[in-house]
Each structure stands twice: as structure tokens, then as C-alpha cells.
Amino acid sequence: TVSPITVCVTGAAGQISYSLLSMLAAGSVFGPEQPVTLHLLEIPPALPALAGVVMELLDGAFPLLHSVTQTADPSVAFADADIAVLVGAFPRRAGMERKDLLEKNLPIFERQAHALNEHASKHVKVVVVGNPANTNAMVLAAFAPDIPRANISALTRLDHNRTMAQVAARLDVPVQSVAGVCIWGNHSSTQYPDITRATVDNVPVFDKLGGFEIVARDFIPTIQKRGAAVIKARGFSSALSAARAIANHLRSWVCGDEHIVSMAVPSDGSYGIKEGVFFSFPVRCMGDGVVEIVKGIEIDEFSKRYIDATAEELYAEREEALALLE
Ligand code: NAI
């Protein structure tokens, strides 16, 4: 028998988690042989709602769901966690500046970092989803000195999936025939969805997608503003697709992936991105948590402008975060 893997999910009574938890319990992330123990963290006012979610998880009668813990105490939630999915965050309200959002989220991620450092498995893998995801991941890394940097990431797989899907839709081809796309930088409206090397069935399609001018005018803003478009239509932010992206991210990270995917990881200086920020790169997931930034891609002038802009935003966020921490 396989011993259960302990997965901690924060913000467990929220929108994204409502879609994510059944994927985890059903075995679609870690496979049909792997039992799962869920540790669910919420803030006290959301504990009654979380109790309802736990009722539904039990009623789902998932054969792989070993046990469920619900708590508002990070030290309980992170105890022995093999995987931590940090979805819970202070939401951006109308009129809030980036600095205000950082100010609200820094203490949350600082506190969770201490609890993770103290109580999680020494090999825990952490994916930060709550926004501003890249900078929250940086804060987490700063306050969890015993967790190897390489075990901390932020989610840009949703942006990657959106890019794949838009290429497929525009060319009317199956999404699985698309390859060669990636997301550079911040999970924000400055992110750079790079389709300059996109292929369909191994044939380059950048020209078919309109070339530089049309891609700049139409394709890139569509991806950058997709989150806002979903909020406008649905009244809530992307949850189903975010949950699926988290499942994809974890699956690739833990089990490996034959395709190049996108993940925000600590910069190692590749492509001139300064160390100290969590930057989304094209990566190869080798299995067992090993991730390699894809090296040696030739960056053209067009792409360089976008990559520089999103890097500048992340450096500025980092400075603001460090100033708040002083
Ligand atoms: P939601 O508001 O429905 O749920 C968030 C939950 O987190 C709430 O139940 C809240 O009580 C809880 N929470 C807040 N502070 C907490 C804390 N300190 N500890 C534990 N739980 C806490 O929001 P939703 O739609 O589930 O989104 C969650 C976050 O994910 C947001 O920050 C959103 O901006 C972000 N997001 C990130 C994406 C990405 O691609 N990186 C994609 C979509 C959303």
C-alpha cells in the first residue's frame, strides 16, 4: 500500500479551492494509486463555510481521500505537508494600489512562511497562487530559510494554458497539437505570453497568427487581460481554470512533463533577470520536483521589450515589499 501524501490548501473555502479539492481527492493530480490527506486552512470567519466544503468532500465518497483536517491554525495546517497550495490571500478591492495589496498580504505570507518552515515536511513543495503571487512567493522564501528555494514556485500555468488555448482557437486546431509557447515574468497584466516560437504539430505558426504587429495589438493583450474579462463576465475571478492550472502545475512538478511549461521560480540570472525575484520562465520538469529553466533561447528585440517591462515591474514590487518589511 502507498502511504498518503499530505496536501495543505489555504483559502480552502474560496472559489478556486472549491474546484481544486475534488481534483485532488479524485486522484487526477497524483494518480489513481496515491491516497491523499488534505489539510485545509481558512481564516476564522470562513470556518463555517469550510465545514460545508468538508461535508461535501466526505459525501463525494472519494476512495483515495484518506482524511481531512480543517483549521484556522497554520501550524496545524502545515504539519507534515508534502505539498502546500497557497491560495488564500487578501483580495484586491476597488481603489487599492499595488502597495496596499502588498501591505495586506506581506504579514499573511510572513506568518505562513514561519509555520511552513517549522512544521512542514523538509521536502515540502510550495505553489503560491494568491496575488500578487510572484512577490508573495518571494516573501515566503525570505521567511522560510530551511525550505530550499527550488521548492517554492508561483503559478503562471493558467496564463500558459490560456496561451495554448488561444493559439488553438485562432488556428482551429486541437489544443494538444500546440507547443512552444511560454509565459515570461509576473502573473499580472505585464506578463509576456510568448508565441514567437509557437508550433502546431511541430510547424511554426507565428506568421499565421498575424506576425509582430497583430500579435502585439491583439494576441498579447487578450492573454494579459483574460483574467479581467472573466471577472467582467462571471462576476467572480477565474476559479475552474485556475484550479485546473494548479493541478497541471503540481502534476508536472511532481511527476515530470515531456512538454516545456511555464512556472514562476527564483531567478538564477538567466536571460539577464536579476536574482531575488520569482520570475516565470519556460521550464522543463524532470520529475520528482526537479525543474530546469530552459536555457539558450534567442530572445528577439520584440520579446526583449516585453520581458524587460515585466522584469522592471517585479523589481519594483520587490523594492516596495522590502521597504514594507523594514
Ligand atoms: P476567494 O476570495 O474565493 O477565496 C480566497 C479564500 O482565502 C477565502 O475563503 C478567504 O477566507 C481565504 N483567506 C484569506 N486570507 C487567508 C489566510 N490568511 N489564510 C487562509 N485563508 C485565507 O478567492 P479565489 O477566487 O479562490 O482566489 C484566491 C486567490 O488566487 C486570489 O488572490 C486571486 O487573485 C488569486 N488568483 C491567482 C491566479 C494565478 O494564476 N496565480 C489565478 C486566479 C486567482
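## A guided tour from helix 2 to the ligand shell

Begin by selecting Ala51, which is found in helix 2, residues 47–59; helices (H or I, at least four residues) and strands (E, at least two) are DSSP runs, numbered from the N terminus. The model is a predicted one, in which local features need pLDDT of at least 70 and side-chain atom pairs count only at pLDDT 80 or more, whereas totals for chains, interfaces and linings use all residues. Residues are numbered from 1 along each chain as its sequence is written.

Ala51 is partly exposed, because 13 other C-beta atoms lie within 10 Å; a residue is buried if 20 or more other C-beta atoms lie within 10 Å of its own, exposed if 12 or fewer, and partly exposed in between, with C-beta atoms placed from the backbone. Add Gln70 to the selection: Ala51 and Gln70 are 19 residues apart in sequence, and their C-alpha atoms are 7.4 Å apart in space.

**The whole chain and its domains**

Zoom out to the full trace, which spans about 50 × 45 × 40 Å along its principal axes and holds 10 helices and 14 strands. The radius of gyration of the protein is 19 Å, which agrees with the value near 20 Å for a compact globule of 326 residues; the radius is taken over C-alpha atoms, and the globule rule is 2.2 Å times the number of residues to the power 0.38.

Colour domain 1 (5–154) and domain 2 (157–318) separately, bearing in mind that such bounds come from an automatic or database domain assignment. Their centres, taken over C-alpha atoms, are separated by 23 Å, and the contact between them takes 28 residues from domain 1 and 27 residues from domain 2, where two residues are in contact if their C-beta atoms, placed from the backbone, lie within 7 Å. On the side of domain 1 that touches domain 2, the elements that each supply at least two residues include helix 1 (15–26), helix 4 (98–119) and strand 5 (125–128). The residues of that side divide into 18 nonpolar, 7 polar and 3 charged; Ala, Val, Leu, Ile, Met, Phe, Trp, Tyr, Cys and Pro count as nonpolar, Asp, Glu, Lys and Arg as charged, and the others, Gly among them, as polar.

**The core**

Next select Ala84, Val85, Val129 and Ile246, the residues with the most contacts inside the largest nonpolar core, which has 93 residues. This core draws at least three residues from each of domain 1 and domain 2; a nonpolar core is a set of buried Ala, Val, Leu, Ile, Met, Phe, Trp, Tyr and Cys residues joined through C-beta atoms within 7 Å. Centre on Val129, whose contacts include Ile16, Val85, Leu155 and Ile246, when residues up to four places away in sequence are not counted.

**The ligand**

Now show the 27 residues around the ligand, of which Gly11, Gly14, Gln15, Ile16 and Gly88 come nearest; a residue is near a molecule if its C-beta atom, placed from the backbone, lies within 6 Å of it. This shell divides into 16 nonpolar, 10 polar and 1 charged, and it draws at least three residues from each of the two domains.

**Backbone details**

Finish in the loops. Between strand 5 and helix 5 lies Pro132, and the peptide bond leading to it from Asn131 is cis, with omega near -5°. Asp172, in the loop between helix 6 (157–171) and strand 7 (178–179), has a positive phi of about 55° although it is not a glycine. Most residues other than glycine have a negative phi, and most peptide bonds are trans. Asp172 counts as exposed because it has 6 C-beta neighbours inside 10 Å.
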